[in-house]
Amino acid sequence: MGNLKINHNMINAEKAAELTKLCPFGAISYENGKLDISSACKMCKMCVKKGGGAIDYVEEEEVSVDKSLWRGVCVYVDHYGDKIHRVTYELIGKARELASVTGHPVYALVIGSDLGDGINKLLHYGVDKVFVYDSAELSDFRIEPYTAAFHDFIEKVKPSSILVGATNLGRQLAPRIAARCRAGLTADCTVLEMKENTDLVQIRPAFGGNIMAQIISTNTRPQFCTVRYKVFTEPKPNAEASGEIVKMEISDDKLTSAIKVLSGVDKPKDIDISESDVIVAVGRGAQSETMRAMAAELAELLGGVVACSRPLVEGNIYDAKHQIGLSGRTVKPKFIITLGISGAVQFAAGMKSSDCIVAVNTDKNAPIFDVAHYAIVGDVNEIVPKLIEKIKEAQADVQ
Amino acid sequence: MNILVCIKQVPGSSNVEVDPVTGVLKRDGVKSKLNPYDLYGLETAIELCERFGGEVETITMGPPQAKSIIVESICMGAKRGTVLSDRKFAGADVLATAYTISQGIKKTGEFDLIICGKQTTDGDTAQVGAEVAEYLGIPNVSNVLSVDDVKDGKVFVTASLDEKIVKMEIALPCLISVDGDINSPRLPSYKVKQTVTDDMVKFISFADFEDRNEKHYGLSGSATQVERIFPPEKNSEKSSIEGDAEAQAEGLFALIKNRKVI
């Protein structure tokens with residue numbers, strides 16, 4: 001933490017022009033012989049590094065947090081009744097890895113009502129303790145009582161890091177509780193690592209996914225992050241249950257809310273592309289009606305689903321729920337084949353952790369080939385029909 | 001009913017490239033625009049005022065140039081707006097941004113309803129709204145699909161949770177974040193633009209705030225720090241399937257069989 005200090009004695013019109021150009025955010029301006037840094041500044045410190053001493057970074061003294069008081073890597077258990085969202089297991093797997101660096105325990109936090117058998121399932125994933133808040137006031141997700149229970153847990157247990165699934169629920173709860181703790185929160189992390197001093201290294205795509213940012217909270221605890229479903233790998237459950245269930249008490253008067261849930265209906269069962277093991281993804285280079293029909297046929301033959309890149313959603317060719325990418329869904333299938341997709345980073349960020357990526361594109365310089373395991377420089381219109389034919393022949397032979 | 005809409009100025013294109021050698025963002029010729037997700041929030045607010053009366057105001061945090069999006073919001077139907085702008089706000093993470101906005105809101109006036117868009121297209125975190133609500137001590141609901149009614153000091157909304165579509169009543173004042181694509185935002189009126197005067201856009205800086213502890217704002221008030229930025233990694237293990245279309249289709253077919261996809 002600190003501030004930028006301009007060494008005005010070093011500034012002349014030439015230097016000012018150089019600095020103005022240096023700033024990637026256009027935050028440096030030079031007017032009436034005075035250099036100024038506006039609030040567009042993102043503290044990237046490019047001007048400090050490359051400004052030749054014209055701008056200095058001044059550290060501020062700070063009160064430091066006693067990190068040894070905060071122990072444990074905690075996963076918030078995202079669930080509906082006794083149905084646990086699978087992102088929870090993925091996060092527990094990651095939490096175990098992170099905790100092994102520092103020797104911290106792994107915790108799971110459950111907030112809800114009438115939780116049934118779901119909690120016991122958690123004991124097969126290698127958590128040390130499952131903390132449970134069970135109250136009728138917590139039956140529907142409402143922000144204030146959930147935040148209150150979460151905060152009660154943090155005050156009593158003091159976990160060092162907290163991982164929350166980036167579901168609709170998690171994206172509301174995590175910021176609210178992080179703000180209450182005056183603590184850092186990093187959204188949509190794609191990589192998590194642990195330092196020996198218990199600082200959680202959080203890496204996420206920034207600026208529309210064009211660069212990766214590595215983020216840490218060196219002076220606040222707990223450290224919060226959210227992670228999307230299918231970013232990490234779900235561990236296999238252990239046959240033996242282990243760990244302990246800890247019932248937590250909170251008085252009902254702390255669980256009041258200005259929100260009343262009037263009714264809830266199950267969402268219509270939509271195709272969820274992130275659930276499929278095989279994906280045929282269609283981009284601008286394959287948007288013709290014939291190609292789309294072939295993509296659908298190929299997907300069916302491979303037992304998968306059709307997905308697409310952003311331009312096809314914006315062009316109203318596919319519904320938004322088919323979209324892969326930062327502004328769409330993150331997918332991690334066993335096999336994905338991209339047809340005519342150039343692979344802007346915002347698309348790649350949504351699929352690059354897939355097990356096997358095959359890209360077909362006519363442009364050999366398309367960025368999709370940077371993430372693909374198998375590159376096919378060629379025309380989808382020629383290759384796909386031949387491929388379909390071969391698969392059909394093979395299946396006919398079997399029968 | 002007085003409604004405040006939180007808006008943000010974002011880069012006009014998300015195709016910001018990074019020079020792999022210097023790590024510098026290439027932003028040549030990238031223009032700014034009003035965050036597209038905020039348009040749905042603005043439209044929701046304006047429609048509510050048309051139905052139930054009241055006024056829409058907007059607020060943003062950013063450099064002085066962010067004035068242009070306040071003007072744009074006025075052209076859509078807001079009555080006035082505020083730019084929170086100060087060097088001391090620079091380098092803010094979610095925590096410090098939300099705190100700054102909450103301080104700005106306290107300074108701006110009393111609102112029954114605060115509306116945010118789902119997320120911005122540059123930060124992409126979708127977290128600031130909920131943190132602002134926490135700082136203001138009011139309830140918040142995200143992923144709102146429609147605002148169905150306002151009566152008896154309550155707002156009735158339909159919101160999307162992960163498995164369910166939920167109808168809720170929320171006591172005012174409260175904060176809601178609306179999803180994208182829930183309405184058709186109106187276009188800014190050119191006619192109104194001719195009538196926008198300077199006094200419709202207010203600037204608030206650090207010195208105007210109730211809390212003037214510098215450590216609560218900007219980089220100093222941020223709990224997270226960016227340790228480094230780097231270009232996304234390329235996949236190292238890769239091979240290509242060469243030949244004419246027939247050979248490529250054959251190679252791909254063999255791969256599909258090998259990977260046991262079929």
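Two residues are in contact here when they have heavy atoms within 4.5 Å of each other. Keep that cut-off in mind as we walk through what is a predicted model, because it is what decides who counts as a neighbour in the list below. Leaving aside residues within four places in sequence, A:Phe150 is in contact with A:Tyr76, A:Leu109, A:Ile111, A:Ile162, A:Leu173, A:Ile177 and A:Phe224.

That list is a good way into the inside of the protein. A:Phe150 and A:Phe224 are the two residues that touch the most other members of the largest nonpolar core, which has 72 residues. Helix α5 of chain A, residues 143–157, supplies the largest share of this core, with 8 residues. There is also a second, separate core of 37 residues, and A:Leu301, A:Val313, A:Cys356 and B:Leu252 are among its members.

Let's step back to chain A as a whole. DSSP runs give it 11 helices and 22 strands, and its C-alpha trace spans about 75 × 65 × 45 Å along the principal axes. Of its 399 residues, 58% count as buried. If you take the contacts in chain A between residues at least 6 apart in sequence, 65% of them join residues at least 24 apart.

Two of the contacts of A:Phe150, A:Leu173 and A:Ile177, belong to the buried residues of helix α6 of chain A. How far apart should the ends of α6 be in chain A? Its 13 residues, 168–180, should span 18 Å at 1.5 Å a residue, and the end C-alpha atoms come out 19 Å apart, which agrees. Of those 13 residues, 12 are buried, so the rest of the structure largely encloses α6(A). The buried set isn't limited to nonpolar side chains: A:Asn168, A:Arg171, A:Gln172 and A:Arg176 are among its members. Just after the helix, A:Arg182 takes a positive phi of about 50 degrees.

Next along chain A comes a hairpin. Strands β12(A) and β13(A) form it with 5 residues between them, and A:Thr198 in the turn has a positive phi of about 70 degrees. The two strands, with β13(A) covering residues 200–206, pair in the antiparallel sense over 4 bridges, and A:Glu193 stands opposite A:Val201. Look at the side chains along β12(A), residues 191–194, and you'll see them alternate: A:Leu192 and A:Met194 point to one face and are buried, while A:Val191 and A:Glu193 point to the other and are not.

Now for a sheet that takes strands from both chains. It is open, has 6 strands with parallel pairing, and runs in the order β19(A)-β18(A)-β20(A)-β21(A)-β22(A)-β15(B). At the edges stand β19 (305–308) of chain A and β15 (239–240) of chain B, each with a single partner strand, so one side of each has no neighbour in the sheet. Further in, β21 (residues 357–361) and β22 (residues 374–377) of chain A pair over 4 parallel bridges, with A:Ala375 as the bridge partner of A:Ala359.

Over to the aromatics. A search of the whole structure turns up 12 aromatic pairs over all chains. One of them is B:Phe89 with B:Phe209, a stacked pair at 5.5 Å centre to centre with 15 degrees between the planes. The partners sit 120 residues apart: B:Phe89 is in the loop between β7 and α3 of chain B, B:Phe209 in the loop between β13 and β14 of that chain. Both rings belong to buried residues. B:Tyr99 and B:Tyr217 also have their centres 5.5 Å apart, but their planes are at 50 degrees, so this pair is tilted. Since B:Tyr99 lies in helix α3 and B:Tyr217 in the loop between β13 and β14 of chain B, the pair ties together parts 118 residues apart in sequence. Both tyrosines are buried too.

These four residues join B:Tyr135 and B:Phe206 in one aromatic cluster. B:Tyr135 is also one of the buried residues of helix α4 of chain B. In that helix, residues 128–136, 7 of the 9 residues are buried, so the rest of the structure largely encloses it. B:Glu131 and B:Glu134 are among the buried ones. Just after α4(B), B:Gly137 takes a positive phi of about 70 degrees.

Finally, some rings have a charge for company. A:Lys158 lies over the face of A:Trp70, 4.7 Å from the ring centre. In chain B, the charged end of B:Lys151 sits over the ring of B:Phe156, at 5.4 Å from its centre.

Note on methods: Residues are numbered from 1 along each chain as its sequence is written. Chains are lettered from A and ligands numbered from 1 in the order in which they are written. This is a predicted model: local features need pLDDT of at least 70, side-chain atom pairs count only at pLDDT 80 or more; totals for chains, interfaces and linings use all residues. Side-chain values use heavy atoms; hydrogens and water are left out. Rings of Phe, Tyr and Trp (its six-membered ring) pair if their centres lie within 6.5 Å; planes under 30 degrees apart count as stacked, over 60 as edge-to-face and the rest as tilted. Buried means under 20% relative accessible area, exposed over 50%, partly exposed in between (1.4 Å probe, protein chains only). A charge sits over a ring if NZ of Lys or CZ of Arg is within 6 Å of the ring centre and within 35 degrees of the ring normal. The expected span of a helix is 1.5 Å times one less than its number of residues. A nonpolar core is a set of buried Ala, Val, Leu, Ile, Met, Phe, Trp, Tyr and Cys residues joined through side-chain atoms within 4.5 Å. Two strands pair if DSSP finds at least two bridges between them.
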